[in-house]
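Dear colleague,

I am handing over the structure we spoke about, and I would be glad if you could open it beside this message. My notes on what was found in it come after the structure itself.

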Amino acid sequence: MGSTVNPRKLAAVSVTALVIAALTWTAWLAWATQRDLAAARMSIEELRVAVERGDIDSRARSVERLKRSTESAMQRTDGIWWGALTHFPWIGDDAEGVQVLSASLSSLSSDAIDPLVEVVGDLDSVTIQGRIDVQLVRSLEQPVDRAFQGVSRSADMVAELESSGFIGPLRLPFDDYVQQVNDLQDALASARLATSLAPAMLGEDGSRDYLLIFQNNAEIRGTGGLPGSWALVHAENGKVSIREQGSSGDFPILDRPVAPLTTEEVAVYGQELGRFWQDPGFTPDFPRAAELFNAFWMIDNPGRPLDGILTLDPVALGYLLQATGPVDAAGLTVTPDNASQLLLNQIYLDNENPRVQDLVFQAVARAIFDAVTTDVESPLNLVKGLSRASEEGRFLVAPFREDERAAIDGTSVEGALAEDDGKTVHVDIGLNDATGSKMSYYLRYWADVSSRDCVDGTQHMNGSLTLNQTISPAEAQKLPDYITGGGVYGTEPGTQLVFVRIYGPYGGELSELRINGSRPAFDDIDSLGGRPVATLPISLANVKDTLITWSMRSGPGQTGATEIRLTPSVVPGTLNRRIASSC
């Protein structure tokens, strides 16, 4: 008698077989996708090395491998099966993360890599015989724009995906990719601006003259640092040269401001903003500071109008040395690693004569300038250095021609104090030395903001700023008077007095100011261009933290992220942050 098959058992076996097959297929798909993504990461690294070495053949092979692996990963995760996985509990967000990452990488490799490689291939020819080829720069505008658009699309794909729920092996690479693609987007935004503006600003259609101010972060100002040294830069058909150099002592101390100040400016900064060449940087609004610097220049140079004002600081000079290699000047060998220490500290330890200090700084600045504008070892590193410096607020540009001013509006290289854009919460923090010293070399600070809640389109936030001094009182008192200030302006040698200005959101409020938990004796809130401003004098005498805290309310409709911008310090890197909204 033949055996009969139990339908229920058969169904169970069939379901089990289907589940096993589904799990096997899913596991294989995940493994193959992971393999493709790993290959893509390896190709990106190989491409980076090939670009730095100028190896054209390796560069082409790396691009081809990158395209194959990213296209494969995208195809594996773009179908119905993987789409269904994104809806499963526990693994759905991870599956979506892999899917979005694969799509973004594929878009990046197909839309942005080719124009990027085209641009990189032409960079070595930008400088010829000490002159920048402005026509070649102009020709790069279109491929740079295509690369920017491609990278922007890739960045948009991953921008809104929250990675906190991803498993560890996915979360870290995902976050790293998001950071890298955002950094690339920022760099290309700077490059796009440069290729559109540089030809004209380099004298393509007629000579230009700019005042290049070197900001000294060792004596901090809201825009970065004391304008201690300057150079008059002449540009004509791509040839750039220094015509004159000088120092802050070349400009007079005035009885009244060099240009009219608003009532709000006087209330926040005092008349000093416009009376001393050293003080227009009290405001972190560089376009306004540039207007005042220009007014000072025109006092003694009425027949030599400027086309704009540029600034760099010693940290930015170190970034540029990555492209030129070390330079020798005034008996010093300046490298990317020691530029800040030499120019912001060692120069004062070795020479207390301000005239000698000025001459050494001018010699080093000229040597670096000459190296940057003649035969650069790595044009790619020069672009990276300038981009990094601008993103950190260390390279600022204030052109005086209206079309050029409009072109940089809202960019980091403009360095403007933010106005209301209807959504973003802007918080700016400017620091100004009041010691009359070079003690800011030992100043460290960082800030944070958190959004507590969002009510009727208005955010309520808490803010904090932590400051300290990296040198002990005993060590500080051994420093030369030129560094400590010698007590000339009433601050005990070894101690530094810093005026901290907190610029709250446009149309918002600042309140509940505290210093180490106690209410300060002075906490008046002024107003500047529709933004509340609190000014706090902070005395730092040791390595202990000083904590400033406050509460804020955003302006109406400001439901977006909070952007915090701080004065750049002597430490490489940026202190600026972007904080998520609670709305």
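The notes below go from the model as a whole to its disulfide, its cavity and one loop residue.

Please keep in mind that this is a predicted model, with a mean pLDDT of 85 for the protein and 84% of its residues at 70 or more. Over residues 10–26, however, the pLDDT is below 50, and beyond near neighbours in sequence this stretch has five contacts in the model. Where pLDDT is low, the predicted coordinates should not be read in detail.

As for the overall build, the protein contains 18 helices and 19 strands, and of its 583 residues 51% are buried. Among the contacts with a separation of 6 or more, 72% are between residues 24 or more positions apart.

A search of the whole structure turned up one disulfide, in which Cys 454 is joined to Cys 583 with an S to S distance of 1.9 Å. This pair links distant parts of the chain, since Cys 454 lies in strand S11 (residues 443–455) while Cys 583 lies in the segment after strand S19 (577–579), 129 residues apart. The torsion about the S-S bond of Cys 454 and Cys 583 is about 85°, and the disulfide is therefore right-handed. Are the two cysteines buried or exposed? Neither word fits, because Cys 454 has a relative accessible area of 29% and is partly exposed, and Cys 583, at 45% relative accessibility, also counts as partly exposed.

The whole structure was also searched for cavities of 30 Å³ or more, and one was found; the largest cavity has a volume of about 40 Å³. Its lining is formed by Glu 392, Arg 394, Leu 566, Thr 567, Pro 568, Ser 569, Gly 573, Thr 574, Leu 575 and Asn 576. Sorted by class, the residues lining the largest cavity are three nonpolar, five polar and two charged.

Finally, you may wish to look at Asn 353, which sits in the loop between helix H13 (339–350) and helix H14 (354–373). With a relative accessibility of 40%, Asn 353 counts as partly exposed, because partly exposed covers the range between buried, under 20%, and exposed, over 50%. In sequence Asn 353 and Tyr 482 are 129 residues apart, whereas in space their C-alpha atoms are 8.7 Å apart.

With best wishes

Terms used:
Residues numbered from 1 in each chain as written. Predicted model: local features only at pLDDT ≥ 70, side-chain atom pairs only at ≥ 80, totals over all residues. Heavy atoms only, no water. pLDDT = per-residue confidence, 0-100. Contact = heavy atoms within 4.5 Å. 1 Å grid on protein atoms, 1.4 Å probe; cavity = no way out; pocket = protein on both sides within 12 Å on 5 of 7 lines; lining within 4 Å. Points joined across faces, edges and corners; volume = space filled by probe spheres on them. Nonpolar A, V, L, I, M, F, W, Y, C, P; charged D, E, K, R; others polar. Disulfide = S-S within 2.5 Å. Helix = DSSP H or I, 4+ residues; strand = E, 2+ residues; numbered from the N terminus. Buried < 20%, exposed > 50% of the residue type's maximum accessible area, 1.4 Å probe, protein only.
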